[in-house]
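Work through the exercises below with the sequence and the model side by side. Try each task before reading its solution.

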Amino acid sequence: MDYPGNLFVVAAPSGAGKSSLVKALLELDSRVQPSVSHTTRPPRGQEKHGREYFFVSQPEFDAMVAGQAFVEWAHVHGNRYGTSRKAIEERIAEGADVILEIDFQGAIQVKEIFANAVLIFILPPSWEELRSRLERRGEDSAEVIELRLKNAAEEMAQARKFDFVIINELFERALFDLKAVVHAQRLKYAAQRRARADTFHSLNID
Ligand SMILES: Nc1ncnc2c1ncn2[C@@H]1O[C@H](COP(=O)(O)OP(=O)(O)OP(=O)(O)O)[C@@H](O)[C@H]1O
Ligand SMILES: Nc1nc2c(ncn2[C@@H]2O[C@H](COP(=O)(O)O)[C@@H](O)[C@H]2O)c(=O)[nH]1
């Protein structure tokens, strides 16, 4: 289906910096809106229900799956996460650009439904730096960090399936690349819509 808004999907192994990059993009670009996912993971640190995530119980998540409330959902690092269909469809239909921060399984599901979605994969510059970012963040236990690093190998092997890969070594450089992808997509779709309108006009199609 063709919607007036754009859909951007950002995936990365845990700790590569996708939340930091998306947050910085949102501060700079008011046309981009985040989507708040549902998860069965308990909140950590200062996280608030409805801000970082909608934190739901297993039965609540089951009910949403059964009711086809998710455009995609997946098991990630031992918890379930899903993107609400309603939240994104309504907003891109109104012309907003929506950005999803989800894992690679979800990103691939989204592309199957929204062929125009732009998939962006964020890579860390090295394994050492990935580990050190997870440790410095200080939000996960040593056991959780090991699980996330173990899963990172499988996740990074999916990077080639994405439309763009951004290496997050220097933060400002990676943010510049992310902004460039968003900008290029807007120009591309604006040009396509103009060309289609011109063709409709010349063929006298209402
Ligand atoms: N370019 C960078 N250089 C150094 N540190 C960075 C860089 N980008 C992000 N970080 C830091 O790395 C840590 C992990 O970043 P962030 O939480 O954004 O990762 P994430 O990919 O969203 O992880 P998760 O999937 O677990 O939420 C944070 O402490 C963040 O401040
Ligand atoms: N498939 C989905 N993956 C999601 C969604 N929301 C978040 N995520 C991914 O889960 C991991 C872990 O996140 P964390 O906040 O617990 O560190 C990370 O890769 C997220 O991108 C979603 O709706 N669908």
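**Exercise 1.** In this predicted model, decide whether Val 9 is buried or exposed, and list its contacts beyond its close neighbours in sequence.

Solution.
- Step 1: Val 9 has 27 other C-beta atoms within 10 Å. A residue is buried if that count is 20 or more, so Val 9 is buried.
- Step 2: Val 9 is found in strand 1.
- Step 3: With neighbours within four places in sequence left aside, the contacts of Val 9 are Leu 100, Ile 102, Ala 107, Val 110, Ala 117, Val 118, Leu 119 and Ile 120.
- Step 4: Take Leu 119 from that list. Val 9 and Leu 119 are separated by 110 residues in sequence, while their C-alpha atoms are 4.9 Å apart in space.

**Exercise 2.** Find which residues of helix 4 are buried, and state how they are arranged around the helix axis.

Solution.
- Step 1: Helix 4 spans residues 104–113, and its buried residues are Phe 104, Gly 106, Ala 107 and Val 110.
- Step 2: Looking down the axis of helix 4, these buried residues fall within an arc of 155°, so they line one face of the helix.
- Step 3: The cover over the buried residues of helix 4 includes strand 1 (7–11), strand 5 (70–76), strand 6 (79–84), strand 7 (97–101), strand 8 (118–123) and helix 6 (142–156).
- Step 4: Ala 107 and Val 110 also appear among the contacts of Val 9, a residue of strand 1.

**Exercise 3.** Describe how helix 1 and helix 7 cross, and name the residues that make the contact.

Solution.
- Step 1: The axes of helix 1 (residues 18–28) and helix 7 (residues 171–202) come within 10 Å and cross at roughly 60°.
- Step 2: The two helices are therefore oblique to each other.
- Step 3: Their crossing is right-handed.
- Step 4: Helix 1 contributes Leu 21, Ala 24, Leu 25 and Leu 28 to the contact, and helix 7 contributes Ala 174, Leu 175, Leu 178 and Lys 179.
- Step 5: Sorted by class, the contact has 7 nonpolar, no polar and 1 charged residues.

**Exercise 4.** Locate Gln 68 and His 77, and give the phi and exposure of each.

Solution.
- Step 1: Gln 68 lies in the loop between helix 2 (58–66) and strand 5. Its phi is positive, about 55°, although Gln 68 is not a glycine.
- Step 2: Gln 68 has 8 C-beta neighbours inside 10 Å and so counts as exposed.
- Step 3: His 77 sits in the loop between strand 5 and strand 6. Its phi is also positive, about 50°, and His 77 is not a glycine.
- Step 4: With 14 other C-beta atoms within 10 Å, His 77 is partly exposed.

Notes:
Residues numbered from 1 in each chain as written. Chains lettered and ligands numbered in written order. Predicted model: local features only at pLDDT ≥ 70, side-chain atom pairs only at ≥ 80, totals over all residues. Buried ≥ 20, exposed ≤ 12 C-beta atoms within 10 Å, placed from the backbone. Helix = DSSP H or I, 4+ residues; strand = E, 2+ residues; numbered from the N terminus. Arc of directions from axis to C-beta. Contact = placed C-beta atoms within 7 Å. Axes fitted to C-alpha atoms, helices over the stretch in contact; angles between N-to-C directions. Parallel < 35°, antiparallel > 145°, perpendicular 65-115°, else oblique. Left-handed = near helix turned anticlockwise from the far one by under 90°. Nonpolar A, V, L, I, M, F, W, Y, C, P; charged D, E, K, R; others polar.
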